Amino acid sequence: MLSPTQTVPTPAAPTSATDIPADWPGLWLQMLQARASAEPTPQLAMHADSGWTLAGPCSARSADLFTLYKPLLDARLAPGSSPWVVAQLGQSLDGFVATATGDSYYVNGPHCLLHLHRLRALCDAVLVGAGTVAIDNPQLTTRRVPGPQPVRVVMDPDARLDGGSRVFRDGQAPTLWVCDARHAATARARLTDAAPMAAEVLAVEGLLDDDRAPGYHPGRAVAALAVRGLRLLFVEGGGITVSRFFTAGALDRLHLVVAPVLIGQGRRGLQATAHDAMADCPRPPARTLALGDDVLWDLALRC
């Protein structure tokens, strides 16, 4: 059974982001308005063929940020469309998300933290794995930016968590504990002492083919969440969970944020299917954007 390991105060966040343009807060609020109502705003127009576009002048940096988040706004334009999934993973230059001791505060800087909270605000749900919940005991809220709270989704197919993590107890946002239907009774039993309506178990048939074998079917979890009306999903971590969704072909977009730090050995970041020939290695369309000292790779996995 996995229990949260938050036994010492969480270290303070890195210093605040310093390159936020003066016109960005206003544009962000209009993006939130577009997210909620799909109605044009003074700075945003919507076109049937190209989706959301900028309709007024703005700084170059704000335009770059809008372009980064535009696919999330566009994904809401087709009623009844298939679920749309974006993932974000921050890692070191040598491909690690934490040291060998599990220390991950902070691989990435303050701009990446703001980026995480923006993604949460633009999506219906934020999804993390059981290991992230047990190690980091996250809140998964939008406390750093204006915007709605997403539904918090914890992927724990074989119900390893003990139900004591704060996402199950704090009541800050709705929480779904996703597990294979065979383990749902165990998860529900561990929530009996939680505050009323603090969390709910979502049982997914066939999430695990065999509970003796590693891995699960991300696509079946995505489909089960879509039935709940959660169609725009943000897979936030950790490295194993993002890699599992990536290799299963369950992602539409991947934001890979690389920090200028070398860890040497530790918890792996993105892991992809191995290929013998370079010609077989995927090269998705990509663009880059500086987030402070970090570099975000915006990878379009389904064009």
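## A tour from cavity to pocket to rings

The largest cavity in this predicted model has a volume of about 40 Å³. The structure holds one cavity of 30 Å³ or more, which makes a handy place to start. To see its walls, select Asp-19, Ile-20, Arg-61, Leu-65, His-111, Leu-114, Arg-118 and Leu-291. Now colour helix 2 and helix 3, the elements that give two or more residues to this lining. Helix 3 gives the most, with three residues.

**Next stop: the largest pocket**

Keep helix 3 on screen, since we meet this helix again. The largest pocket contains about 730 Å³ of space, and helix 3 is once more the element that gives the most to the lining, here with five residues. Show Ser-104, Leu-113, Leu-116, Asp-136 and Glu-236 as sticks: of the 31 lining residues, these are the closest to the pocket's centre. For the framework around them, select strand 3 (84-92), helix 3 (110-122), helix 4 (130-136) and strand 9 (232-237), the elements that each give two or more residues to the lining.

**Then the aromatic rings**

Across the whole structure there are four aromatic pairs. Select Trp-24 and Tyr-69 for one of them: the ring centres are 6.3 Å apart and the planes meet at 35 degrees, which lies between the 30 and 60 degree limits, so this pair is tilted. Trp-24 belongs to helix 1 (residues 24-37) and Tyr-69 to helix 2 (residues 60-74), so the pair ties together parts that are 45 residues apart in sequence. Both residues are buried, and a clipped view may help you.

Add Trp-28 to the selection. With Tyr-69 it makes an edge-to-face pair, 6.2 Å centre to centre and with 65 degrees between the planes. This pair also links distant parts of the chain, with Trp-28 in helix 1 and Tyr-69 in helix 2, 41 residues apart. Trp-28 is buried, as is Tyr-69. Show the three side chains together and you have one aromatic cluster: Trp-24, Trp-28 and Tyr-69.

**A charge over a ring**

Move on to Phe-96 and Arg-268. The charged end of Arg-268 sits over the Phe-96 ring, 4.7 Å from the ring's centre.

**Last stop: colour by confidence**

Finish by colouring the chain by pLDDT. The chain has a mean of 92, and 93% of its residues reach 70 or more. Then select residues 6-12, where the pLDDT is below 50. Beyond near neighbours in sequence, this stretch has eight contacts in the model.

Note on methods
Residues numbered from 1 in each chain as written. Predicted model: local features only at pLDDT ≥ 70, side-chain atom pairs only at ≥ 80, totals over all residues. Heavy atoms only, no water. pLDDT = per-residue confidence, 0-100. Contact = heavy atoms within 4.5 Å. Phe/Tyr/Trp six-rings, centres within 6.5 Å; stacked < 30°, edge-to-face > 60°. Helix = DSSP H or I, 4+ residues; strand = E, 2+ residues; numbered from the N terminus. Buried < 20%, exposed > 50% of the residue type's maximum accessible area, 1.4 Å probe, protein only. Lys NZ or Arg CZ within 6 Å of the ring centre and 35° of its normal. 1 Å grid on protein atoms, 1.4 Å probe; cavity = no way out; pocket = protein on both sides within 12 Å on 5 of 7 lines; lining within 4 Å. Points joined across faces, edges and corners; volume = space filled by probe spheres on them.
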